[in-house]
Amino acid sequence: MTNFIIADNQELTQVGLTALINKVEPHSSVIVSYKRELIEQLEKAPDSVILLDYTLFDFTDVESLLILCDRFPTSQWLLITDDLTESFMRKVICSSKNIGIIFKDSQISYLHEAIQDAVQKRRYICHRAAEILIDSQLKEEPATNLTSTEIEILRSIAQGKTTKEIAAERYSSIHTINTHRKNIFKKLKVNTAHEAVKYAFRAGLVDTSEFYI
């Protein structure tokens, strides 16, 4: 059974989201209005799907949201909101693979698809959010000399795939993929996959549309 937590203070949105999740069987749902209530519900059901309007909820900053995501790593979050800044969206996408984004003016069919993806523990990034991120990608980082294979592997890393999964997809050994990872990190002058993904976003090496999964 899927447990939904609707974290939105607008009654009209609460009614609309309730109607959409009623199409998911079986499920249970609860509506919360404050972060304290949200935490209480997550403590009861840590693998819940949270439908959150971040801009109307009492989160102090993006870090407080990410801390809560880290605290409940089996939860799946779908931010359903009117507007988000480019820097905010980039931050949450780079920091957690459990957070999806869709705007409230999206078509109902897309909202339904986003909720279904969240139920399946898949990240969903709507087209408009992806376009905003692509259009505003920073060009401050110098060009790298990554090979086409290394860029493809970096994209797979950005999508949250493990070394074993990447090796299986490419019909390569785990040792070969680890060698590519080391070369990627050395060329980008980073130490972790998280830093590599952040660099790749800033340099435009990874297309944000890759996250429309």
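A residue is described as buried when its relative accessible area is under 20%. By this criterion Cys 94, with a relative accessible area of 14%, is buried in the predicted model. Cys 69 is likewise buried, at a relative accessible area of 4%. The two cysteines are not joined. A disulfide is a covalent bond between the sulfur atoms of two cysteines. The structure holds 0 disulfides, and Cys 69 takes part in none, the nearest cysteine sulfur being that of Cys 94 at 14 Å. Because a disulfide requires sulfur atoms within 2.5 Å, the 14 Å that separates the sulfur of Cys 94 from that of Cys 69 is too far for a bond.

The strands were examined next. Strands of a sheet pair through backbone hydrogen bonds, either parallel or antiparallel. In this model, 5 strands form an open sheet in the order β2-β1-β3-β4-β5, and their pairing is parallel. Strands β2 and β5 (residues 99–103) form the edges, each pairing on one side only. From one strand to the next, the twist averages 20 degrees. The parallel pair made by β1 and β2 extends over 6 bridges. Within this pair, Thr 2 stands opposite His 27 of β2, and Ala 7 stands opposite Val 32 of β2.

Strand β1 also illustrates how a strand can be covered. In a regular strand the side chains alternate between the two faces of the sheet. Accordingly, Thr 2, Phe 4 and Ile 6 point one way from β1, whereas Asn 3, Ile 5 and Ala 7 point the other way, and all are buried. Since 6 of the 6 residues of β1 are buried, this strand is largely enclosed by the rest of the structure.

Two helices lie across strands of the sheet. Helix α1 (residues 11–21) crosses β1, β2, β3 and β4 and runs at about 165 degrees to β1. Helix α2 lies across β1, β2, β3 and β4 as well, running at about 155 degrees to β2. In α2, which spans residues 35–44, the residues Leu 38, Ile 39, Gln 41 and Leu 42 are buried. These residues cover an arc of only 165 degrees around the helix axis, and therefore lie on the same side of α2. The buried residues of α2 pack against β1 (2–7), β2 (27–32), β3 (49–52), α3 (62–71) and β4 (76–81). The face turned away from this buried side carries the exposed residues Arg 36 and Lys 44.

Leu 38 of α2 also belongs to the largest nonpolar core, which contains 70 residues; Leu 38, Leu 51, Leu 52, Leu 65 and Trp 77 touch the most other members. Helix α10 (residues 193–203) gives the most to this core, with 6 residues. Apart from its neighbours within four places in sequence, Leu 52 is in contact with several residues, including Ala 7, Phe 57, Leu 65, Trp 77 and Ile 80.

A contrasting environment is found at His 112, which lies in helix α5 (residues 108–119). With a relative accessibility of 27%, His 112 counts as partly exposed. Residues up to four places away in sequence aside, His 112 touches Leu 20 and Lys 23. The C-alpha atoms of His 112 and Ile 21 are separated by 8.1 Å, although these residues are 91 residues apart along the chain.

How values were computed:
Residues are numbered from 1 along each chain as its sequence is written. This is a predicted model: local features need pLDDT of at least 70, side-chain atom pairs count only at pLDDT 80 or more; totals for chains, interfaces and linings use all residues. Side-chain values use heavy atoms; hydrogens and water are left out. Helices (H or I, at least four residues) and strands (E, at least two) are DSSP runs, numbered from the N terminus. Buried means under 20% relative accessible area, exposed over 50%, partly exposed in between (1.4 Å probe, protein chains only). Contact means heavy atoms within 4.5 Å. The arc is that of the directions from the helix axis to the C-beta atoms. Two strands pair if DSSP finds at least two bridges between them. Axes are lines fitted to C-alpha atoms, for helices over the stretch in contact, and angles run from 0 to 180 degrees between N-to-C directions. A nonpolar core is a set of buried Ala, Val, Leu, Ile, Met, Phe, Trp, Tyr and Cys residues joined through side-chain atoms within 4.5 Å.
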